[in-house]
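Here are my notes on the model, as numbered points. Please read them with the structure open.

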Amino acid sequence: MKETDKSIFDEQYRVVAVEGARLLVRGILSGEMLTILNPETPLNQEDYPIGKLIALTDPSIASQN
């Protein structure tokens, strides 16, 4: 797969910071920094401790019940 063919959902991320409604993560392979916003529910370090590995899922392909 070419580097340009990768999406943000093809990588794992390490939690760098949690600030209210923002989750800051860094890609393990790419080093790319992403800020994930969740204005409806505040995020906390108990759920996302610094250093935790996470993977993002594409909500457009989530199973529909």
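1. How much area does the protein expose, and what share of it do carbon and sulfur atoms supply? The exposed area is about 5100 Å², and carbon and sulfur atoms supply 51% of it. Accessible areas come from the Shrake-Rupley method with a 1.4 Å probe, and for residues only the protein chains shown count as cover.

2. On provenance: this is a predicted model, in which local features need pLDDT of at least 70 and side-chain atom pairs count only at pLDDT 80 or more, while totals for chains, interfaces and linings use all residues. Residues are numbered from 1 along each chain as its sequence is written, and side-chain values use heavy atoms, with hydrogens and water left out.

3. Overall content. The protein has zero helices and four strands, and from the N terminus its elements run β-β-β-β. Helices (H or I, at least four residues) and strands (E, at least two) are DSSP runs, numbered from the N terminus. Of the 65 residues, 18% count as buried; buried means under 20% relative accessible area, exposed over 50%, and partly exposed in between (1.4 Å probe, protein chains only). Among contacts with a separation of 6 or more, 37% involve residues 24 or more positions apart, where contact means heavy atoms within 4.5 Å.

4. Strand pairing. Two strands pair if DSSP finds at least two bridges between them. Strand 1 (12-19) runs antiparallel to strand 2, with six bridges, and antiparallel to strand 4 (residues 53-55), with three bridges. Strand 2 (22-27) and strand 3 (33-37) are also antiparallel and are joined by five bridges.

5. Registry. Between strands 1 and 2, Val15 is bridged to Val25, and Glu19 has Arg22 as its partner. Arg14 is partnered by Leu53 in strand 4. On the strand 3 side, Val25 stands opposite Leu34, and the bridge partner of Arg26 is Met33.

6. Turns. Strands 1 and 2 form a hairpin with two residues between them, and Gly20 in that turn has a positive phi of about 60°. The hairpin of strands 2 and 3 has five residues between the strands; here Gly31 takes a positive phi near 80°.

7. Faces of strand 2. In a regular strand the side chains alternate between the two faces of the sheet. In strand 2 the covered face consists of Leu23, Val25 and Gly27, and the uncovered face of Arg22, Leu24 and Arg26.

8. The core. Which residues make up the largest nonpolar core? The nine are Tyr13, Val15, Val18, Leu23, Val25, Leu34, Leu43, Ile54 and Leu56. Strand 1 and strand 2 each supply at least two residues of this core, and the largest share, three residues, comes from strand 1. A nonpolar core here is a set of buried Ala, Val, Leu, Ile, Met, Phe, Trp, Tyr and Cys residues joined through side-chain atoms within 4.5 Å.

9. Val15 and Val25. Val15 lies in strand 1 and counts as buried because its relative accessibility is 2%. Leaving aside neighbours within four places in sequence, the contacts of Val15 include Leu23, Val25, Tyr48, Pro49 and Ile54. With the same exclusion of neighbours within four places, Val25 is in contact with residues including Tyr13, Val15, Met33, Leu34 and Ile54. Val15 and Met33 are 18 residues apart along the chain, and their C-alpha atoms are separated by 9.9 Å.

10. Leu23. This residue lies in strand 2 and counts as buried because its relative accessibility is 4%. Outside its neighbours within four places in sequence, Leu23 has contacts that include Val15, Val18, Leu34, Leu43, Tyr48 and Ile54. Leu23 and Asn38 are 15 residues apart in sequence and 8.2 Å apart in space, C-alpha to C-alpha.

11. Surface patch. Is Leu29, in the loop between strand 2 and strand 3, buried or exposed? Leu29 is exposed because its relative accessible area is 68%. Together with Ile28 and Leu53, Leu29 makes a nonpolar surface patch of about 300 Å². Patches are made of residues with over 30% relative accessible area and no salt bridge (a side-chain nitrogen of Lys or Arg within 4 Å of a carboxyl oxygen of Asp or Glu); like charges are joined within 9 Å, and nonpolar side chains (Val, Leu, Ile, Met, Phe, Trp, Tyr) within 5 Å.
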